[in-house]
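Work through the following exercises with the sequence and the model at hand. Each task is followed by a solution in steps.

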Amino acid sequence: MPNQQDIDADVVIVGAGLSGMIAARKLLEARLTPVVLEADDRVGGRILTEEVMPGLPVELGAQWIGDTHERMFALAAELGVETYPQFDDGETSYDLVGSGVLRESEFHSRFAGELAELERVLRRLDELATEVPVETPWLAPQAAEWDAITAGAWYDAQGLSPVARTLLEICTVGILAVPTAEVSFLHLLFTIQTCGVTSELFAESEGGAQTTRFVGGTSEIPRRLAALIADRIVLNAPVQLIEHSADTVTVSCRGGLVARGRRVIVAISPTLAGRIMYDPPLSGIRDQLTQRLPNGSSMKAFFIYDEPFWRADGFNGQLISDVGPARMSNDTCLPRDDHGVILMFLEGDQARTFGRLPLAERRAALTAELVRHYGSKAAKPEFYVDGEWSDRQWTRGCYNANLGPHVWTSYGAALSAPIGVIHWASTDTATYWSAYLEGAVDAGERAAQAIIDELAG
Ligand SMILES: Cc1cc2nc3c(=O)[nH]c(=O)nc-3n(C[C@H](O)[C@H](O)[C@H](O)COP(=O)(O)OP(=O)(O)OC[C@H]3O[C@@H](n4cnc5c(N)ncnc54)[C@H](O)[C@@H]3O)c2cc1C
């Protein structure tokens, strides 16, 4: 849509991430007119595929979907984006609590007791999570007790061996992208419950949330979605002010663009939503909520080799380690491409420390870790690229917003409840696979449907 000074629409949508664009499409299907205002010069938000070599895209943002992500499978099929399974043959490489580097078979036989402890705790988490209503986590029978402690404190109280406790921490940070000491135990249980069971989330090997990838890259999804609604999207339009009355909104962007409508959907992470000015001001509870919803810290680093040499040695490209800059890695080779691609995750404290080192130093530290696990062939990648998210003005961290102690019970009701003509979307407000692509679709559809119902009524 060409930039212009004033736009009239039924619904103004802030943010052309997946959630905002899904909402726009649903409104169009209901014969309402949306306009999507996007701050950046591209659509997709936390989805970002970059072609680092001809024909070789890597995912600096979202990469996988899982078997129960039915909305995403349906969306991909509808948009004509093919999928392929994540490679998962071979052994994981471990180095935990001073074990030294061990292949999976050796690690599993040496630490069978510790793995059984971990399994026991995961089953307990699954049981407790069923008591958390995803629409109203603050109404769980033990909400006050669970929201008063951190996930880390609950883990510490389970009497786990150092290996089991460390594995649990690594798996959980791999989901939340912050140390478990920063997250409410109620929030952890909510996260598990929105996804089903821990095995959907915590699978050590590929499985759960990471079974499937998109041919051409995840950005094919927002690119094709945007093409369907192109005349309703304005890029380079950072929303700064939302003026609202009982039945109208006026949304003003930096640069002077103004959009008017009957409703607005704010489809950006809550912490960024709190940086917009509202007139009249929003309630204290809503503002206090957005003061307490920090985004996590994560960085993905890709090593590209001329071949996936680790496969020949029987490895699946995954490592789990409490040594060095990355706690986990993944084989992210492309089908019908000879290159070997390994992704290393820097999450939570690792992103905050190693992620801030100069590029050459963090690359060297990550390379040394790969060499320890996969040998000297790992020392000479053809190409290296990494992507940091907290520096990005229109994201400010990922994967999502995590709630610390007392936030769900004191402020949770304000997370997705509309305020007059203002509705909230983004994956952070979802009740199904919150934090994931699936959650972004869930939240966008929910906000659009609420408006369709209101305007029809
Ligand atoms: C590194 C990384 C890895 C991930 N891996 C996975 C994965 O493998 N699988 C998975 O399911 N999920 C993954 N995720 C999460 C997934 O990307 C998100 O759940 C999803 O993309 C969120 O979409 P959204 O529309 O809710 O928010 P966003 O994508 O954040 O979209 C919000 C949009 O609003 C724009 N915006 C912000 N402020 C303003 C403003 N003031 N005015 C106008 N526009 C504004 C932003 O530029 C952005 O385009 C990952 C995320 C990251 C960052």
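**Exercise 1. Place P280 and describe the peptide bond that precedes it.**

Solution. Start with the location: P280 belongs to the loop that runs between β15 (277–279) and α12 (284–290). Next, take the bond between D279 and P280 in this predicted model. Its omega is about 0 degrees, and the bond is cis.

**Exercise 2. Which residue is joined to Y399 by a cis peptide bond, and where does Y399 lie?**

Solution. The partner is C398, and omega for the C398 to Y399 bond is about 10 degrees. Y399 sits in the loop between β20 (383–388) and α16 (407–411).

**Exercise 3. Find the sign of phi at R31 and locate the residue.**

Solution. First, recall the background: most residues other than glycine have a negative phi, and most peptide bonds are trans. R31 is not a glycine, yet its phi is positive, at about 65 degrees. Then trace the chain: R31 is placed in the loop between α1 and β3 (34–37).

**Exercise 4. Are the helices α7 and α8 roughly parallel or roughly perpendicular to each other?**

Solution. Two packed helices are described by the angle between their axes and the distance between the axes. For α7 (residues 162–176) and α8 (residues 185–195), the axes come within 12 Å and cross at roughly 75 degrees. Angles of 65 to 115 degrees count as roughly perpendicular, and α7 and α8 are therefore roughly perpendicular to each other.

Now list the contact. From α7 come T172, I175 and L176, and they meet H187, L188 and T191 of α8. Sorted by class, the residues of this contact are three nonpolar and three polar, with no charged residue.

**Exercise 5. Describe the surroundings of the ligand: how many residues surround it, and which backbone atoms lie by its oxygen atoms?**

Solution.

1. Count the shell: 35 residues surround the ligand, and the closest are E38, R46, W64, T427 and L437.
2. Split the shell by class: 23 residues are nonpolar, nine are polar and three are charged.
3. Assign helices: α1 (18–29) and α17 (437–456) each contribute at least two residues to the shell.
4. Take the backbone atoms. A backbone N or O atom of S19 is 2.9 Å from an oxygen atom of the ligand. For L18 the corresponding distance from a ligand oxygen atom is 3.1 Å, and for Y436 it is 3.2 Å.
5. Finish with the area: the ligand taken alone exposes 1000 Å², of which the protein buries 97%.

Technical notes
Residues are numbered from 1 along each chain as its sequence is written. This is a predicted model: local features need pLDDT of at least 70, side-chain atom pairs count only at pLDDT 80 or more; totals for chains, interfaces and linings use all residues. Side-chain values use heavy atoms; hydrogens and water are left out. A residue is near a molecule or strand if one of its heavy atoms lies within 4 Å of it. A polar contact is a pair of N or O atoms within 3.5 Å; within protein, one must be able to donate a hydrogen and the other to accept it, and residues adjacent in sequence count only if both atoms are side-chain atoms. Accessible areas come from the Shrake-Rupley method with a 1.4 Å probe; for residues, only the protein chains shown count as cover. Helices (H or I, at least four residues) and strands (E, at least two) are DSSP runs, numbered from the N terminus. Ala, Val, Leu, Ile, Met, Phe, Trp, Tyr, Cys and Pro count as nonpolar, Asp, Glu, Lys and Arg as charged, and the others, Gly among them, as polar. Axes are lines fitted to C-alpha atoms, for helices over the stretch in contact, and angles run from 0 to 180 degrees between N-to-C directions. Angles under 35 degrees count as roughly parallel, over 145 as roughly antiparallel, 65 to 115 as roughly perpendicular and the rest as oblique. Contact means heavy atoms within 4.5 Å.
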